[in-house]
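Please work through the exercises below with the sequence and the model open side by side. Each one sets a task and then solves it step by step.

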Amino acid sequence: QVQLVESGGGLVQAGDSLKLSCAVSGRSFDRYHMGWFRQAPGKAREFVATISWTTGNTYVADFLRGRFTISRDNANNTISLQMDSLEPEDTAVYYCAATRGVRLSSDSTYDYWGPGTQVTVAS
């Protein structure tokens, strides 16, 4: 079992930055790849980024690369998502997730999910 809790969401203006955190705990959580997804109202969840606990290797969705950065803090068991140059289209609930799978950009691959944190970007 892996437990995930997101934090750091809020209301910002277009062009601002925001950093989300995901506190991770549970059995062998460092064996998992971690991902960030987001879901806007009325839309399906979409892939944002992924990172490996063991290697630190990262991958960010093509359309977000250059604005979003994923990182890990092993000492504090947290995963972060740094979001820069935010746009109104980034408004969504952001979810942290964990998987042992390999198709990391697919939400169906992930076994554990946090409750999400709301990010709202005003124009």
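Is Ser-85 buried, partly exposed or exposed, and what is its relative accessible area?

**Conventions**

This is a predicted model, in which local features need pLDDT of at least 70 and side-chain atom pairs count only at pLDDT 80 or more, whereas totals for chains, interfaces and linings use all residues. Residues are numbered from 1 along each chain as its sequence is written, and side-chain values use heavy atoms, with hydrogens and water left out.

**Exercise 1. Classify Ser-85 and Asn-77 by accessibility, and describe their backbone phi.**

Step 1. The classes are set by relative accessible area, computed with a 1.4 Å probe on protein chains only: buried means under 20%, exposed means over 50%, and partly exposed is in between. Ser-85 has a relative accessible area of 42%, so this residue is partly exposed.

Step 2. Strands (E, at least two residues) are DSSP runs numbered from the N terminus. Ser-85 is found in the loop between E8 and E9, and its phi is near 50 degrees, a positive value in a residue other than glycine.

Step 3. Asn-77, in the loop between E7 and E8, is partly exposed with a relative accessible area of 27%. Asn-77 also has a positive phi, of about 55 degrees, although it is not a glycine. As background, most residues other than glycine have a negative phi.

**Exercise 2. Trace the open sheet that contains E8, and place Thr-78 in it.**

Step 1. Two strands count as paired if DSSP finds at least two bridges between them. By this criterion four strands form an open sheet in the order E1-E3-E8-E7, with antiparallel pairing.

Step 2. E1 and E7 stand at the edges and each has a single partner strand, so one side of each is left without a neighbour in the sheet.

Step 3. On one side of E8, six bridges join this strand to E3; Leu-18 has Met-83 as its bridge partner, and Lys-19 has Gln-82. Six bridges likewise join E7 to E8, and these two strands form a hairpin with four residues between them.

Step 4. Within E8, five of the six residues are buried. Thr-78, which is found in this strand, counts as buried because its relative accessibility is 18%. Asp-73 stands opposite Thr-78. Contact here means heavy atoms within 4.5 Å, and, not counting residues up to four places away in sequence, Thr-78 touches Cys-22, Ala-23, Trp-53, Ser-71, Arg-72 and Asp-73.

**Exercise 3. Identify the best-connected members of the largest nonpolar core and the strands that supply it.**

Step 1. A nonpolar core is a set of buried Ala, Val, Leu, Ile, Met, Phe, Trp, Tyr and Cys residues joined through side-chain atoms within 4.5 Å. The largest such core has 36 residues, of which Met-34, Trp-36, Leu-81 and Tyr-94 touch the most other members.

Step 2. Strands that each supply at least two residues of this core include E3 (18-26), E4 (33-39), E8 (78-83) and E9 (92-99). The largest share, five residues, comes from E9.

Step 3. Leaving aside neighbours within four places in sequence, the contacts of Met-34 include Leu-4, Val-24, Ile-51, Ile-70, Ile-79, Cys-96 and Tyr-110.

**Exercise 4. Classify two ring pairs, and find the charged group that sits over one of the rings.**

Step 1. Rings of Phe, Tyr and Trp (its six-membered ring) pair if their centres lie within 6.5 Å; planes under 30 degrees apart count as stacked, over 60 as edge-to-face and the rest as tilted. The count comes to seven aromatic pairs.

Step 2. The rings of Phe-47 and Tyr-59 have centres 6.3 Å apart and planes at 20 degrees, so this pair is stacked. Phe-47 is buried at 10% relative accessible area, whereas Tyr-59 is partly exposed at 42%.

Step 3. For Tyr-95 and Trp-113 the centres are 6.4 Å apart and the planes are at 80 degrees, so this pair is edge-to-face. Tyr-95 lies in strand E9 and Trp-113 in strand E10 (residues 112-113), so the pair ties together parts that are 18 residues apart in sequence.

Step 4. Ring pairs link Phe-37, Phe-47, Tyr-59, Tyr-95, Tyr-110 and Trp-113 into a cluster.

Step 5. A charge sits over a ring if NZ of Lys or CZ of Arg is within 6 Å of the ring centre and within 35 degrees of the ring normal. The charged end of Arg-45 sits over the ring of Trp-113, 3.8 Å from its centre.
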